[in-house]
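Me: Please take a close look at the pocket with the most space in this structure and at the helix that contributes to its lining. I should then like the account to continue to the enclosed spaces, the charged pairs and the surrounding packing.

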Amino acid sequence: MEHYLDNAATTRVCPEAAEAAVEAMTEIYGNPSSTHGKGREAKKLLDQSRRTVAETLGARDPSEVVFTSCGSESDNWAILSGAESRMRQGRHVISSLVEHDAVRRSLETLEARGFEVTRLQPDATGAVSPEKVLNALRGDTVLVTLMMVNNETGAVTDIRGIAEAMKRAGSDALLHTDAVQAFRKVPFQARSLGADLISVSGHKIHAPKGIGALYIRSGLKLKPLIVGGSQEADRRAGTEAMPQIAAFAAACRQPAETEWIREMKKRAVRELTEAVPELRYLETDAPHILSVSMPGWRSEVLMNFLETREIFVSKSSACKQGKRSHVLEALGLRPEVIDGALRLGFSRYTTEADIDALAEGLREARQLAHR
């Protein structure tokens, strides 16, 4: 029996999303830019889907949502175009040491273009406080970009508090948050969050891979990252990926079941610490991510051992592709803790049997090591 516990990397597509994608591919297959009947039918589906995603995000208007290919594209677009839209006011950007690589690489690109980036040290879990942002703000700060939920530890950064601190300081800097791991896991409403730009992704909430969105606050003009046709109100060229967009909306309409996910995380902490007394874990607020470690072990060895029992976990972000976690290094954890770290990701499909199997697998690994 398969036990999938890597939902922070990606989630199983729910039946409703799969059905919506198939319908868009086989029935409502027109180009939404075409003016004939099939095109108008597809345009209606596009508008309905945008409205659904916007309502789920808590946007004031559907026009604030632009569909992208993924969270990484949304991050790239928000950071690169956001910073460059304010170049006349300055070239200083604030971020942190524990961002996703989509943000880190975008920041490196900005630095190559003459921007200065301040990377803040997070707390012991990976969150960044409003006070640290406030202390780093300068008159020439044009962009603050911080993820809402850390993708490796589950730490929650108070984006609303940061927005309020920036407002009190009289800062005109744009605020962007990578909310890929927060969307439908940690409650927030775009209209009241205070962020100008919010990146989200479909495949973290049981939609297919290949679809994301960028919330752009009304009135904010952002230079397109992809140019060509006039799709997405002239903000992102390219024929809209209607099967993925319809599936994204369908996934948004399903219950999030956050309380169940949180219970699975609590159960995992109980069972794993009982099975492996020396196991360490980071206590964080996100309901679906748990970072644990068996100091003295190698993550790859544990992952391979568990995989033989059809238990699937990861060591860090899937984007790292086996490299050591820069997030855990930034937290100042000892090398033996980092090298023995596993990231567990829970979803509404996670079962008690999945947790039991993981606990038993780690118990077996420990017993074999002590023979």
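Reply: What follows begins with the pocket and moves outward to other parts of the chain. The model is a predicted one.

The largest pocket holds about 360 Å³ of space. Its lining consists of 19 residues, and those nearest the centre are Ala163, Lys167, Gly194, Ala195 and Asp196. Three elements give two or more residues to this lining, namely α6 (159-168), β6 (174-178) and α7 (190-193). The largest share, four residues, is supplied by α6. In terms of residue class, the lining has eight nonpolar, eight charged and three polar residues.

Helix α6 also has a buried side to its description. Ile159, Gly161, Ile162, Ala163, Ala165 and Met166 are buried in this helix. The cover over these buried residues includes α5 (130-136), β5 (141-145), β6 and α7. Ala163 is thus listed among the buried residues of α6 and also among those nearest the centre of the largest pocket. After the helix comes glycine 170, with a positive phi near 75 degrees.

A positive phi also occurs in residues other than glycine. Arginine 184 has a phi near 70 degrees and is located in the loop between β6 and α7. With a relative accessibility of 21%, arginine 184 counts as partly exposed. Glutamate 232 has a phi near 50 degrees, again a positive value in a residue other than glycine, and belongs to helix α8 (residues 231-234).

Glutamate 232 leads to the charged pairs. Side chains of opposite charge can pair when their charged atoms come close. The structure holds 22 salt bridges. In one of them, glutamate 232 is joined to arginine 50, with 2.8 Å between the closest N and O atoms. Because glutamate 232 is in helix α8 and arginine 50 is in helix α2 (residues 37-57), this pair ties together parts that are 182 residues apart in sequence. Both partners are buried: glutamate 232 has a relative accessible area of 4%, and arginine 50 has one of 11%.

Glutamate 278 and arginine 366 form another salt bridge, at 2.9 Å from N to O. Glutamate 278 lies in the loop between α10 and β9, and arginine 366 in helix α14 (residues 352-369), so this pair ties together parts that are 88 residues apart in sequence. Glutamate 278 is partly exposed at 33% relative accessibility, and arginine 366 is partly exposed at 24%.

Within helix α14, glutamate 360 and arginine 363 meet in a salt bridge at 2.7 Å, N to O. These two residues are separated by about one helical turn because they are three residues apart in the helix. Their relative accessibilities make both partly exposed, at 35% for glutamate 360 and 25% for arginine 363. A network of salt bridges also links Arg267, Glu271, Glu352 and Asp356.

Alanine 268 provides a view of the packing around helix α10 (residues 258-275), in which it is found. Its relative accessible area is 0%, so alanine 268 counts as buried. Apart from residues up to four places away in sequence, alanine 268 touches Leu290, Phe346 and Ile355. The C-alpha atom of alanine 268 is 7.7 Å from that of alanine 359, although the two residues are 91 apart along the chain.

Turning to enclosed space, the structure has two cavities of 30 Å³ or more. The largest cavity contains about 100 Å³. Of its 13 lining residues, Lys185, Ile205, His206, Ala256 and Arg348 lie nearest the centre. This lining comprises five nonpolar, four polar and four charged residues.

The second largest cavity has a volume of about 80 Å³. Residues lining this cavity include Arg280, Tyr281, Leu282, Ser291, Val292 and Ser293. The elements that give it two or more lining residues are β9 (280-281) and β10 (289-293), and the largest share, three residues, comes from β10. By class there are seven nonpolar, two polar and one charged residues in the lining of the second largest cavity.

Finally, strand β2 (residues 65-68) has Val65 and Phe67 pointing one way and Val66 and Thr68 the other, with all of them buried. Strand β2 runs antiparallel to strand β8 (residues 212-216), and four bridges join the two. Within this pairing, valine 65 stands opposite tyrosine 215 of β8.

Conventions. Residues numbered from 1 in each chain as written. Heavy atoms only, no water. 1 Å grid on protein atoms, 1.4 Å probe; cavity = no way out; pocket = protein on both sides within 12 Å on 5 of 7 lines; lining within 4 Å. Points joined across faces, edges and corners; volume = space filled by probe spheres on them. Nonpolar A, V, L, I, M, F, W, Y, C, P; charged D, E, K, R; others polar. Buried < 20%, exposed > 50% of the residue type's maximum accessible area, 1.4 Å probe, protein only. Contact = heavy atoms within 4.5 Å. Pairing = 2+ DSSP bridges. Salt bridge = Lys/Arg side-chain N within 4 Å of Asp/Glu carboxyl O.
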